[in-house]
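Subject: The structure I promised you

Hi,

Here is the model we talked about, so open it up and keep it beside you while you read. I've written down what I found, region by region.

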Amino acid sequence: MMANLLMFVFVGMVMTYLQIIEAQPIGVCYGRNGNNLPSAQDVVNLYKANGITNMRVYDPIAETLTALKGSNIEIILDIPNDNLQALTDPNAATNWVNANIVAYSPDVKFKYINVGNEVSPANVATSKFAPFLIPALQNVQQAITKFQLQVKVSTAIETGILRNTYPPSQSVFSDDISSFINPLIGFLKQNNLPVLANIYPYFGYLGDPAHVPLPYALFTQQNPDPSGYHNLFDAMLDATYYAVEKAGGENLPIVISESGWPSDGGDGASIDNAGTYYSNLISHVKSGAGTPHKPGTAIETYLFAIFDENIKIGAETEKHFGVFHPDKTPKYNLNFQESS
């Protein structure tokens, strides 16, 4: 009897583990900064045809949300930085949620609302939005509660606000943003909300190629680095975990809201490197191995991005992150439903 009971418990544990792995699909971000992109309905059909069950959308465009109705694709819906100041008014936040979430629910499966992207007092491009971020988050959360919606609210941070990231266990948020980041982490902790993080080993490699080997960034390095890490993605993710914990966010989950590699436009940017990165990232996430700091912890991940975006501003590489061509043909041979 005892042997049978132990076997039953063991089988149950194995099944639970497998369910956890299967419950972490790969998402893909849907950017629209191109003048040659297919219609929103064609994009939704492309996701479905390739088994991509999660999407990040950068603004609440009616065409996109309408196309998503009945698709069963779970989405992260962004509130652009330019909208944050308006949402410091609770009524405006309620109206935004009513118009962009309630109006499409439950036909559209909203998973997260991302309030602002990479907003930080230390980021020249986004510092002007920093005073509005937490009030906007609070007001959107209140509206979600009011409408009894099962949607989680968060904001996407960048790894550039971390310091002392090697070894990852020493990582902290920059001192000069402590008055900003600590209340933000506190808000997420209080409301049991995840941290969204944009993690790009490509930029880690690009910023210090003398000390960051390309194989380490591409998941192809055979031997661990001196701190025990086999790849830069895990090191960057764990550095974020450690910094969040030191800011009061113990046990907060982290969702990778963007990660990608460009196929052209700069050093290390090539079809071969990008294809290797995306394929290995998918395999790593789907393995369920987690990271050295969080072994066995699922890593919910969104690849950036579905298409190259030919009118995106910034460095030339910004235009070449797509995993599909604008004509909807695949740029790489990726298996989005890979389980190992």
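To warm up: which residue just after α6 takes a positive phi? That residue is N192, with a phi of about 55°. Before going on, please keep in mind that this is a predicted model.

**Helix α6**

Let's stay with α6 for a bit. With 13 residues at 1.5 Å a residue, α6 should span 18 Å, and its end C-alpha atoms are indeed 18 Å apart, which agrees. Its buried residues are F180, I181, L184, I185, F187 and L188. Looking down the axis of α6, you'll see these buried residues fall within an arc of 155°, so they line one face of the helix. On the face turned away from that buried side sit the exposed residues S179 and Q190. And what covers the buried residues of α6? The cover includes α5, β5, β7 (172-173), β8 (195-198) and α9.

**Helix α5**

Since α5 is part of that cover, have a look at it next. Helix α5 runs over residues 130-146, which is 17 residues. From its first C-alpha to its last it reaches 25 Å, close to the 24 Å expected at 1.5 Å a residue. Its buried residues are A130, F132, L133, I134, A136, L137, N139, V140, Q141, A143 and I144. These pack against β3 (74-79), α4 (90-100), β4 (109-117), β5 (152-158) and α6 (178-190).

Just after α5 comes Q148, in the loop between α5 and β5. Its phi is near 55°, a positive value in a residue other than glycine. Is Q148 buried or exposed? Exposed means over 50% relative accessible area, and Q148 has 69%, so it counts as exposed.

**Strand β3 and its neighbours**

Now find β3. Five of its six residues are buried, so this strand is largely enclosed by the rest of the structure. It pairs with β2 (residues 54-57) in the parallel sense, over four bridges. If you want a spot to check, M55 has I75 in β3 as its bridge partner. β3 also runs parallel to β4, joined by six bridges, and here L77 stands opposite I113 in β4.

How does the chain get from one strand to the next? From β3 it crosses through α4 to β4, and this β-α-β crossover is right-handed. β2, helix α3 (residues 62-68) and β3 make a right-handed β-α-β unit as well.

In the loop between α3 and β3 you'll find N72. Its phi is near 65°, a positive value in a residue other than glycine. At 53% relative accessibility, N72 counts as exposed.

**Strand β8**

β8 has both faces covered: V195 and A197 are buried on one side, L196 and N198 on the other. Three bridges join β8 to β5, and the two run parallel, with I157 standing opposite A197 in β8. β8 pairs with strand β9 (residues 254-259) too, in the parallel sense over four bridges. There, V195 stands opposite I254 in β9.

**The nonpolar core**

Which residues have the most contacts inside the largest nonpolar core? They are V115, V140, F173, I306 and F336, in a core of 108 residues. Helix α9 (residues 232-246) gives the most to this core, with ten residues. You've already met V140 as one of the buried residues of α5. As for F336, leaving aside residues up to four places away in sequence, it touches I26, V28, N50, I52, I282, K286, L303, V323 and F324.

**Two cis peptide bonds**

Last, two details of the backbone. A cis peptide bond joins S105 and P106, with omega about 0°; P106 lies in the loop between α4 and β4. Another cis peptide bond joins Y166 and P167, where omega is about -5°. You'll find P167 in the loop between β6 (162-163) and β7.

Have a click around, and write back if you get lost anywhere.

Cheers

Methods
Residues numbered from 1 in each chain as written. Predicted model: local features only at pLDDT ≥ 70, side-chain atom pairs only at ≥ 80, totals over all residues. Heavy atoms only, no water. Expected span 1.5 Å × (residues − 1). Buried < 20%, exposed > 50% of the residue type's maximum accessible area, 1.4 Å probe, protein only. Contact = heavy atoms within 4.5 Å. Core = buried A, V, L, I, M, F, W, Y, C linked by side-chain atoms within 4.5 Å. Pairing = 2+ DSSP bridges. Right-handed = clockwise from strand over helix to strand, strands pointing away. Arc of directions from axis to C-beta.
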